[in-house]
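Work through the exercises below with the sequence and the model open. Each task is followed by a solution in steps.

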Amino acid sequence: MPTVPDGFLDGVRATLPLLLGLIPFGLVAGVAAVDAGLSPAQAVGLSAVVFAGASQLATVDLLAQDAALAVVVLTAVVINLRMSMYSASIAPYFESLRRRWSALYAFLLTDMSYAIAIGEFTGGEGDADGDDAPAPNGGVGDDGTARDRWYYFGAAAFMWLVWQLATVVGVVLGASVPESWGVSFAVPLVFLSLLVPELSGRPRIVAALIGGSVAVAGAGWPLNLGLLGGALAGVVAGVVVEGRDA
Amino acid sequence: MTTTYGPLPVWAVILVVGALTFAIRYSFIYLLGRVSGVPPRLERALRYVPAAVLAALVAPAFVDPAPTAAATLLDPRLFAGVVAAGVAWTTENMFATLVVGMVTFWTAGTVL
């Protein structure tokens, strides 16, 4: 019988409490994609290739409005820019990986997989072997142990799989639910539940207020630039307020 | 609303967004050893991206300026959005936020 690498199953297990958020989010991603006129293959392809819920919802939303393709792409990229922070933060733990594996690990990097992994890497309670000790594979200390990396891979790969399954179910549901039910309203509700935990501290609250206000004012702007304009204005406002408060 | 773009542009968007998102995810993992972390100024700005972007996505879905203030405020979407925000704040649970928000939206839609 093949053995499962140490840490892999612990990583899978660590995702279970998050599935209550991940599954409905994936369902909405599937429903919204077919509602926007994407084919089932395109809807699942989007989930498989992009694997980043908020940007997927914005992409299908803008496609449904026939926004300019450059605006669709740019908006999705702006939404996903935050992942560069995760990339920088987690990079030291992946340093001793082969290039192919580090690319695969990067592909699976999301808000949730980052949060799960960094908690474990930085010596959470479940960190049995301790990151300060030399790892069994010869890597030392903060470079991350083999167990840590399998833990990340278990968590991230499992969430990718669940995301695809939830999208498929959403695609099937989306095709059978009449448009008059207004299920597309679930999309902003998902964004709202992602937004609320972000609202800690004055600069972030101001960033959200300005971002939201500009987006409302710019709802009628050409090329659907209201969203990008709001995002940009919000970021600038947050930085300015932070500079003043400091 | 459904898109009028054909299969080719839609697939192109999927692949380009996927490739650029991968480039963002891989950026510092790839660069490690050549640069030391995110430049401080960029990091400061990135901290506000989620709040600003998400608010810009949420607000126009709930607030649809109508000719009169009453018509703007008596919108089932705004009502459901405010109720859902309360649920999100107290529970921090996406599932609960979705269910309460949708039920409020349907109920308010028949009442208002």
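Helices (H or I, at least four residues) and strands (E, at least two) are DSSP runs, numbered from the N terminus. The model is predicted, so local features need pLDDT of at least 70 and side-chain atom pairs pLDDT 80 or more, while totals for chains, interfaces and linings use all residues. Residues are numbered from 1 along each chain as its sequence is written, and chains are lettered from A in the order in which they are written.

**Exercise 1.** Place Thr72(B) in its helix and state whether Thr72(B) is buried or exposed.

Solution.
- Step 1: Thr72(B) lies in helix H4 of chain B, residues 69-73.
- Step 2: Buried means under 20% relative accessible area, exposed over 50%, and partly exposed in between (1.4 Å probe, protein chains only).
- Step 3: The relative accessible area of Thr72(B) is 15%, so Thr72(B) is buried.
- Step 4: Contact means heavy atoms within 4.5 Å. Leaving out residues up to four places away in sequence, Thr72(B) touches Val63(B), Asp64(B), Pro65(B), Ala66(B) and Leu78(B).

**Exercise 2.** Set the radius of gyration of chain B against the globule rule.

Solution.
- Step 1: Chain B has six helices and zero strands.
- Step 2: The radius of gyration is taken over C-alpha atoms, and the globule rule is 2.2 Å times the number of residues to the power 0.38.
- Step 3: For 112 residues the rule gives 13 Å; chain B has 20 Å, well over that, so chain B is more spread out than a compact globule.
- Step 4: In chain B, 31% of the contacts with a separation of 6 or more join residues 24 or more positions apart.

**Exercise 3.** Do the same for chain A.

Solution.
- Step 1: Chain A has twelve helices and zero strands.
- Step 2: A compact globule of 246 residues would have a radius near 18 Å, and the 20 Å of chain A agrees.
- Step 3: In chain A, residues 24 or more positions apart make 77% of the contacts with a separation of 6 or more.
- Step 4: Of the 246 residues of chain A, 53% are buried.

**Exercise 4.** Describe the interface between chain A and chain B.

Solution.
- Step 1: 87 residues of chain A are in contact with 65 residues of chain B.
- Step 2: Buried area is the accessible area (1.4 Å probe) that two parts lose on being put together, summed over both.
- Step 3: The two chains bury about 6,800 Å² between them, with 78% of it on carbon and sulfur atoms.
- Step 4: Gln42(A), Phe185(A) and Leu189(A) supply 9% of the area that chain A buries against chain B, more than any other three residues.

Notes:
Side-chain values use heavy atoms; hydrogens and water are left out.
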